[in-house]
Amino acid sequence: VASVRPGTPDDGPLIGEWEGLIVASGHFRDGILLAPITADAVAALLTGDAPPPETVAFDPSRFD
């Protein structure tokens, strides 16, 4: 059994829009805990609304 849990250099997930894609990745071992807020953010981005303010710090462009 393989277990792949992608993480990021700053240990924060990637939640937001990046180069025309909606990204929800890099949660590492906190994926199950962050699933509700991630789902809210992705749903907001898909409908053209602003994502929850708690997810702004996890914008994927922080690594650009």
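**Figure 1. Surface and overall fold of the predicted model.** The protein exposes about 4,500 Å². Carbon and sulfur atoms supply 60% of that area. The model is predicted. Of its 64 residues, 25% count as buried. The fold holds one helix and two strands. Read along the sequence, these elements follow the pattern β-β-α. The radius of gyration is 12 Å, close to the 11 Å from the globule rule for 64 residues, so the protein is as compact as a globular protein of that length. The C-alpha trace spans about 40 × 25 × 20 Å along its principal axes. Among contacts with a separation of 6 or more, 43% come from residues 24 or more positions apart.

**Figure 2. The hairpin of strands S1 and S2.** Strand S1 covers residues 14-18, and strand S2 covers residues 21-25. The two strands run antiparallel. Five bridges join them. One pairing can be picked out by residue: Gly16 has Val23 in S2 as its bridge partner. Two residues lie between the strands of this hairpin. Glu19 takes a positive phi there, near 50 degrees.

**Figure 3. Thr38, a buried residue of helix H1.** Helix H1 runs over residues 31-47, and Thr38 is found in it. Is Thr38 buried or exposed? Thr38 is buried, because its relative accessible area is 9% and the cut-off for buried is under 20%. Which residues does Thr38 touch, leaving aside its neighbours within four places in sequence? The contacts are Ile15, Ala24 and His27. Ile15 falls within the 14-18 range of strand S1. Ala24 falls within residues 21-25 of strand S2.

**Figure 4. Ile37 and the segment after helix H1.** Ile37 also lies in helix H1. Ile37 counts as partly exposed, at 26% relative accessibility. Leaving aside neighbours within four places in sequence, Ile37 is in contact with Pro52, Glu54 and Thr55. Take the pair Ile37 and Pro52. These two residues are 15 apart along the chain. Their C-alpha atoms are separated by 7.7 Å.

**Figure 5. Gly31 in helix H1 and its spacing from Arg5.** Gly31 has its place in helix H1. At 28% relative accessibility, Gly31 counts as partly exposed. How many residues apart in sequence are Gly31 and Arg5? They are 26 residues apart in sequence. In space, the C-alpha to C-alpha distance is 8.7 Å.

**Figure 6. The salt bridge between Arg62 and Asp10.** Side chains of opposite charge can pair when their charged atoms come close. A search of the whole structure finds one salt bridge. Arg62 forms this bridge with Asp10. The closest N and O atoms are 2.8 Å apart. The pair links distant parts of the chain, 52 residues apart. Arg62 sits in the segment after H1, and Asp10 sits in the segment before strand S1. Neither partner is buried: Arg62 is partly exposed, with a relative accessible area of 27%, and Asp10 counts as partly exposed at 42%.

Conventions. Residues numbered from 1 in each chain as written. Predicted model: local features only at pLDDT ≥ 70, side-chain atom pairs only at ≥ 80, totals over all residues. Heavy atoms only, no water. Helix = DSSP H or I, 4+ residues; strand = E, 2+ residues; numbered from the N terminus. Rg over C-alpha atoms; globule rule 2.2 N^0.38 Å. Buried < 20%, exposed > 50% of the residue type's maximum accessible area, 1.4 Å probe, protein only. Contact = heavy atoms within 4.5 Å. Areas by Shrake-Rupley, 256 points an atom, 1.4 Å probe, with all protein chains shown as cover. Salt bridge = Lys/Arg side-chain N within 4 Å of Asp/Glu carboxyl O. Pairing = 2+ DSSP bridges.
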